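Let's take a walk through this structure together. Have the sequence and the 3D view ready, and we'll go one stop at a time.

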Amino acid sequence: MAFYTRVMKYNPDIVHILLGTNDMRKNNDPFGEPCVSLHDYRKNMEYMVRTLTAQGKKVILSTISPIDNEGLGKRFPEDNWIYDNGDLEEVNKIICETAEKYKALLNDMSSVYAQYQTGEILLQDGLHLNAAGQLMLAKNVMECIKKVIEMEETS
């Protein structure tokens, strides 16, 4: 599992998790289902956060950015991919609930992203954050890291 090779083997003190965009992708047809069900997404997210917090790691969870299906279709027309806004809302809800359940720090980017049109924060592929979107995310994550450090200093 990539969780062990990409995170655990480094024994970090603080872990930032932004996960789920690819999991929500599905085929644009009547039978299209997300790559990972919402049930399995929740199970996977909780597993990672539970494992990390049990080892004393501080966890920051970020919500997922919006997606522009039109841009996605233009960039990857042969793949027939689509994202459902309802799935996006559910994944972000799972992220928020998981943060609360395991006392992880939540970096809810929803209100930040809502201030912009998708073209202002996403690359033309409609999926990945552009430089402006990445900068917004990075600034918010850094603020969360500062909070974690301040909490450690006062305890």
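How many disulfides turn up when the whole structure is searched? The search comes back with zero. As background, a disulfide is a covalent bond that joins the sulfur atoms of two cysteines. Take Cys144: it takes part in no disulfide, and the nearest cysteine sulfur, the one on Cys96, sits 12 Å away. For a pair to count, the two sulfur atoms would have to be within 2.5 Å. Is Cys144 buried or exposed? Its relative accessibility is 5%, so Cys144 counts as buried. Keep in mind that what you're looking at is a predicted model.

Now for the sheet. Three strands make up an open sheet, in the order β1-β3-β5, and the pairing is parallel. On the edges you'll find β1 and β5 (105–107), each of which pairs on one side only. Going from one strand to the next, the twist averages 20°. If you'd like to look at one pairing up close, try β1 with β3: β3 covers residues 58–62, and the two strands run parallel with four bridges between them. Within that pairing, Val15 stands opposite Val59 of β3.

Next, let's look for empty space. The general idea is to roll a probe the size of a water molecule over the atoms, which shows where space is left. Here the largest pocket has a volume of about 330 Å³. It is lined by 16 residues, and the closest to its centre are Ala2, Phe3, Ile17, Leu19 and Met48. Which elements each supply at least two residues of that lining? They are α1 (2–6), β1 (14–17) and α3 (38–54), so to speak the main places to look. The largest share, four residues, comes from α3. By character, the lining of the largest pocket splits into twelve nonpolar residues, two polar and two charged.

The second largest pocket holds about 280 Å³ of space. Its lining has 17 residues, with Leu18, Gly20, Thr21, Asn22 and His128 the closest to the centre. Here α2 (21–24) and α8 (131–154) each supply at least two lining residues. Which helix gives the most to this lining? That's α2, with three residues. As for the mix in the second largest pocket, nine of the lining residues are nonpolar, six are polar and two are charged.

Key
Residues are numbered from 1 along each chain as its sequence is written. This is a predicted model: local features need pLDDT of at least 70, side-chain atom pairs count only at pLDDT 80 or more; totals for chains, interfaces and linings use all residues. Side-chain values use heavy atoms; hydrogens and water are left out. On a 1 Å grid over the protein atoms alone, a cavity is a set of points where a 1.4 Å probe fits but cannot get out, and a pocket is an open set with protein on both sides within 12 Å along at least five of seven lines; lining residues have an atom within 4 Å of a point. Grid points are joined across faces, edges and corners, and a volume is the space filled by probe spheres set on the points. Ala, Val, Leu, Ile, Met, Phe, Trp, Tyr, Cys and Pro count as nonpolar, Asp, Glu, Lys and Arg as charged, and the others, Gly among them, as polar. Buried means under 20% relative accessible area, exposed over 50%, partly exposed in between (1.4 Å probe, protein chains only). Two strands pair if DSSP finds at least two bridges between them. Axes are lines fitted to C-alpha atoms, for helices over the stretch in contact, and angles run from 0 to 180 degrees between N-to-C directions.
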